[in-house]
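Dear colleague,

Please find the structure below, handed over for your consideration. A short account of what was found in it follows.

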Amino acid sequence: MKNYEQYALEDFVQDFYFRQWALGMLDPKDNFWETWSQSNPEKRLLMEEAASMVVGLAFKAEEVDSSEISQAIARIGQRLHKPPLFRRKWFSYAAAVLLPAFIFMTLWVYLKDHSPEKGDEQVRLAASGPGWSTNESSEVITIPLSDGSMVKLSPDSRIRVDAQFGKINRMVWLEGEASFDVIRKTEQPFIVKSHNVVTRVLGTVFHVKAYDYDENVSVSVSSGKVTVQKTAEAPREEEAVAEMVLTPNQQAVISRKNDKIIKTLIDAPAILRQPDHYRHFTFNDTPISEVFATLEQAYGIPIAYDKEKLAKCNLTARLTEEDLFNKLDLICETIQVSYRITDGQILVNGPGCD
Amino acid sequence: MQSPKTLKTANHLSQRHLLEENAPQIWLSFKQGNEDAFNELIELYYPAMVNYGLRFQKDRELVKDCIQDLFLDLWKNRNSVGDVRTPKSYLLISLRRKLLREVGRIRWFKEAPEVSDEYDFEVQFAIETYLINKEIQHEDLKKLKRSLAQLTKRQREAVYLRFYQELSYEDIADTMGINRHSAVNLVYEAIRFIKNNWIYP
């Protein structure tokens, strides 16, 4: 046994066994430290001080639940077993590539005769090549890419993977609608081309909507960061017309006809991070600046307002159940202001409280 | 005397501590190409790595991606990875380096213009959250919070590695790129500082 009689405060603080006791992490049946303190009453004060210090030096843990771990293992495993070309399983991979190609060729021959003229030269050219996969079913289908990224392709949508995919970059063409869950690879940006809109990411989850009949292309982000760029109609040298960075819960709507590119919010912004301080969005006579800061952090959306004007406003409310826009409605109603969404931000306007 | 269960902290320590005793065997088995052992390593160290990574980089997704890349590289290079004293410190060092490189690259790609130049080591002591949640006005605890805030960045990292990650001084030294003596000093200085400012002011 260790010579605990000789221990100074510093030594107790460093002792793993003592630390566990101080943090209440020992087996309840283990009463070593209780017994020890009874037989060493002169050390009791020191133990108490050391225990408070251990508690004081405890760190706030970041929650990592078991589903997150198993997800990580699955993803790593997936990337570990990506198609080893010219080795086993090549046959099934060849089939996986050829089958959609065959389906597409059949479809294309059909479409060539039946579809009305296509508006976009670029897309028609791309679509005339092989390698497109079309979702002819009525449900979303999931397509794994060779780098481990996942594409969820909506019905009536098609996607083509670049033959050079994974060499310099990871490029796909999309017509219709799809969600992307992209594995991060810093050396190889993931690029989605849809009509004249180029979406570029390193690794993230996002959604692109680019139907042929739709005048707009929209891109929305669930996590990570995405760059959206509009190219010139004729793809001469991919000259950039406009570029925009999107963060989670933001959405870009890009007009195919003119140069308009609008940044807005998605319809139902998700909570990215539960608030640490005002748990469950419970506010009790809280200054409005802190209320807005809590929302900003939770949803990752900037809120702009006149700090001086609203300095005296407070809020008492519990906004656990409401979605973001209902939360804003209630807050604005309470402190008598209004809000609008501009350029992916929330702008609050009003006279303030007295 | 009752165990002072004032604060809720991660009880991952006690469970994982037992598993870690097997770490050297698991590591060996992984090096011989056993994929189950590889998965066990991930399971064992993933939470600690996420936690450590978030001290340098707040973007959780980025940290997770880096950890994935790191494990993939580890598997590919399993034959050339030398003997390590403890897998845990090896993984933490690698993650530290990788995050440093990665953040530099992103800045270059101008994807994240707001990334700061300096590497901060941010920790939140449980006591801060405790004070805020309970809206406690306890002078004593406030004094503790003030003292904790005065620790230097390196002291904080050393204390974190020692008391949260439960690394040995050798491993702390390796991870922070300093010698063992300095690692011991950083931790003892921090404890003494808190002692003098809080317990016996």
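**Strand pairing and the sheet**

Strand β17(A) is joined to strand β18 (residues 345–349) of chain A by five bridges, and the two run antiparallel. This is a predicted model, in which local features need pLDDT of at least 70, side-chain atom pairs count only at pLDDT 80 or more, and totals for chains, interfaces and linings use all residues. Residues are numbered from 1 along each chain as its sequence is written, while chains are lettered from A and ligands numbered from 1 in the order in which they are written. Strands (E, at least two residues) and helices (H or I, at least four) are DSSP runs, numbered from the N terminus; two strands pair if DSSP finds at least two bridges between them.

Opposite A:I341 stands A:I346 in β18(A). The open sheet has three strands in the order β15-β18-β17 (chain A), with mixed pairing. Its edge strands, each pairing on one side only, are β15 (303–304) and β17 (338–342) of chain A.

**Nonpolar cores**

The largest nonpolar core (buried Ala, Val, Leu, Ile, Met, Phe, Trp, Tyr and Cys residues joined through C-beta atoms within 7 Å; buried means 20 or more other C-beta atoms within 10 Å of a residue's own, with C-beta atoms placed from the backbone) has 38 residues. Among those with the most contacts inside this core are A:A50, A:V54 and B:A190. Helix α10(B) gives the largest share, seven residues. A second, separate core of 31 residues includes A:V182 and A:V219.

Yours sincerely

Technical notes
A residue is buried if 20 or more other C-beta atoms lie within 10 Å of its own, exposed if 12 or fewer, and partly exposed in between; C-beta atoms are placed from the backbone.
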